[in-house]
Each structure stands twice: as structure tokens, then as C-alpha cells.
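Notebook open, new structure on the screen. I jot down what I look up as I go.

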Amino acid sequence: MHRLQRSADERVSQRVKIGYIGGGSQGWAHTLINDLGQCSDLTGEVALYDVNYEAATRNAELGNQVMARDDAVGDWQFEAYHEMAGALEGADFVICSIQDPPEETFVHDIDVPQKYGVYQTVADTVGPGGIMRALRAIPQYREIAATVRDWCPDAWVINYTNPMTVCTRSLYEEYPDINAIGLCHEVHPYQDLFAEIAEAHVDEATNVSRNEIDISVKGINHFTWIDDAYWRDHDLVQYLDAELEKRKPIPGYEPGDMDGESFWINNFQIAFDMYERFGVLGAAGDRHLAEFVPWYLDINDPEEIHRWGIRLTPSSARISDGDAPDKMRQYLTGAEEFEFGESWEEAVEIMRALAGGEPFKTHCNYPNTGQIAGLPKGAVVETNALFTGKGVTPLCAGTLPPQVRSMIERQITNQETLIEAGFDGDLDLAFQAFLNDPLVSIGRNEARDLFAELVEIERSYFEDYDLADATVLRE
């Protein structure tokens, strides 16, 4: 978001090791290769670990090919590892971007709840899908934290995996002294939005970049809020009322209007509706915001969500179509060139700052030490933070309106309940969080049947839980 400038003689260059868990990724791994290929002030090794070792070896081959090109300024060596410990041994940074267990789990998380009248727009953070994903992820993140504790205890861990809050919180629960943050992209479009507002209301002749926008972020991942935004010395929040009026009527679409649109479309309808109702702007994609409250998703008409300019994400959108391996093959054979570009990711900027380079300010997920007043200490919250060679300093974000705070507190209670359930292997306790989720707005017996059916279908991924003594599975 903001790089705080230092003079050239203060900048540092050093060799580091990055341990990458999920190193067989066909998405974010390629983004990392792109960004490191354009990074000259850090050099070193990228150690790729993935349960799919062959995928990690292909990324290692691609990374080394890209670094050997004349137009690459980065000096990095990529190597695939069979074991997580080897990849993390001596690491300065650890990146986590793992795929939930095989894709069919995502399919179940979306399709099964629909039989009970529960519709989800994303299904990876809250709701039935988010809860099941969290329960599956907690044992994995316990293993990651334990490996960090044993092999690189001082490393900085950067997590990209959802459910972001539960995954990051699990790292701290397993290893309280860990240095870990979570990074998410959902706030970036709001910097673009405020850049457009600055151009429209402050200076029509200037092309404003998102990097020039200073916003105050507060909340929990995918349920963040903005009540402060500046471009240079211009307060941009004062123009939100005019933007709201320009966008009315809200909702401004009809059922069926989103047919044929991208599953990821966002028209800021829910964000501005929240602004009109609560006085602060919802600051995540509308698809995510909708899942934290029950009133946007109509169980009687799944297409009702179209009125808000978004659509449900079908399970088919979560299944790989086979193009990624083909694209990798084209890269490795030279049939298609890997092209450098602006990724807008901030992991490399953050690593630069933590390694002693220019301080860097952006939003991240980090335990609450008071940066959001009124929310529980230790809960993972999302606010701005300053990254320097001394570490991470979360920046005070103030408080939120009590009505908004109460909605967030309910979600934090559920997240903490899931952490306790995951560490104890207690599905009955997990079911308490399931019942308390706003999207599970169905009868108690139907909720139990839904929970039990999801666990049974995905039983092989619940080996860390006490299935035999779980009352919720026997009722």
C-alpha cells in the first residue's frame, strides 16, 4: 500500500531462504516467480514443498528457467523438497498457499448445503463451507506451525490460505511465539474505488494510482470495513454519500441479470448498502460480505442474490479444467513465454521490509493487541500495519459502530470455538459454532443433519477428530 522511502545508502541487499508450502501451486507460485524475477535487492533460495512433489519439481524447473533469462534481474535458485522439514530448515520466510484437500471437498461444501436451503457465494470463510474448510485446515496448520518451531523458529510466516483468520490463528495457537501474518487481496479493489473517487471529485485531470490511496482498514478477514480514506491531503470519505446516490437504486439489478457474468463479479452494491445502513463502508468483495450476514441470501430464491450484482459460485467453478498443467507444459517447452508483469501482490515488498529494507505499510491479518478497540485481545484481526527490519507494528484502527462490532464479535466467537474444537478433536463443540453461524438459518435438526452429512462424506479428512464419541454424529 505504502512504501516509506529511505535514502539509497540505507537500502540493504541480502541472501534469504524462502520455504514455500504449497509449492506445487499453478497460481500463486507463478506470481512469486514473476515477482522474484523482478526483485534485485533480495536473493537466495526458494524451497518448494508440496504433497504433490512432481508439481513442485515443475515449478522449480520453471523458476530456474525464468531466472536464467536475460530480462530477469532476480538471483534465485528454486528446489523442490520431499519433506516439509527440509524445505523449512533455516528459512527466513515461509509462504503458505495450500489447496484444501482434494477439490471434491469444495464441491461437497457447496452442493450439500443447497439441499438444505443454504446457499453460499464463496464457501471458504464462513457458513457451512467455511466451517468445514476450517476444521480440515486446523490439523494442517498445526503441523506447519510445529515444523516452523522445530526448523526455523524465527522465520516470518506469510499465509495466503483460506479461511484466513482460522489458519493464521491456528499457527499462533500451536506455536505462540511464531511470527505470522495473513495476506488477502480483498481490500485492493477499494483502493481502486477511492482512486476513482479522487479523480471524479478532487482532480479530474489526474490519473490516481491505488498506491496513492491511504485507507484505514478494520475488521476480520473478508468482513473488513473502511471509515477513513485519503488521497494526499484530501479526505475521500466525504464523497461516499455522493457515490451512494449515484449508484442508487441499491439493489440495482433483477434476478437473472447476472446470468453469464463472471462468478467473481463485484459491483459494490452490498458494500454501499452496508455504508448506508451502518455508516462505514464494507471493504471486501460483495461475494464475501454477503456470507457474514443472513439477509442478502434468500433461501427461497437462489437467484435473488443477482439483485445485488453478484452471483452464487457453483461447485463446477472450483474444479480445475486441466488448463493449468497444459500452460505449465507450454512454459517449460518454450511453446509459450512466461511474461513478467505487475502482480500487485505485496509479499515480496513485505519480505524486503522485514529483511531491513524500506519500511512498508499495508493491511494484514495479525493478532489483536489493541489495534481494534473493543474486540478480543489475541483474536486475529485485519488492520493496517507497518513492516520494518524490527518486525510488524499493527497500527491503531480505532473502533467500529457497536452494531458492526457485535456482528464481528459473533464471528470471532465462532472462530475461537473452531480453534478449540480443532485442537481438541471435538466435533460436538464444532457443531456449536456451526449452529451459531448466521448462514445456518435452518432448523436445529436440519442443521445437525447437514453437519453430519458433510462430516460423513469427508470422513477421511477428519482423522484428527474423535468421530466415535461425537454425539452430533449419532443423534
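I looked for charged patches and found a negative one on the surface, formed by Glu254, Asp257, Asp259, Glu261 and Glu303. My rule for a patch: residues with over 30% relative accessible area and no salt bridge, like charges being joined within 9 Å. A salt bridge is a side-chain nitrogen of Lys or Arg within 4 Å of a carboxyl oxygen of Asp or Glu. Areas are Shrake-Rupley values with a 1.4 Å probe.

Note to self: this is a predicted model, where local features need pLDDT of at least 70 and side-chain atom pairs pLDDT 80 or more, while totals for chains, interfaces and linings use all residues. Numbering starts from 1 along each chain as its sequence is written, and side-chain values use heavy atoms, with hydrogens and water left out.

Next I placed Glu254: the loop between α8 (240-247) and α9 (269-278). Helices (H or I, at least four residues) and strands (E, at least two) are DSSP runs, numbered from the N terminus.

I stayed in that loop for Pro249 and Pro251. The bond from Lys248 to Pro249 is cis, omega near 5°. Ile250 and Pro251 are also joined by a cis peptide bond, with omega about 0°.

Then I checked phi. Ala123, not a glycine, has a positive phi near 70°. I found Ala123 in the loop between α4 (104-115) and α5 (127-151). Is Ala123 buried or exposed? Buried, at 1% relative accessibility (buried is under 20%, exposed over 50%, partly exposed in between).

Arg232 also has a positive phi, about 55°. I see Arg232 in the loop between β9 (223-231) and β10 (234-235), and Arg232 is exposed at 57%.

Notes. Patches are made of residues with over 30% relative accessible area and no salt bridge: like charges are joined within 9 Å, nonpolar side chains (Val, Leu, Ile, Met, Phe, Trp, Tyr) within 5 Å. Lys and Arg count as positive and Asp and Glu as negative; His and the chain ends are not counted. The place of a charge is taken as NZ of Lys, CZ of Arg, CG of Asp or CD of Glu. Buried means under 20% relative accessible area, exposed over 50%, partly exposed in between (1.4 Å probe, protein chains only).
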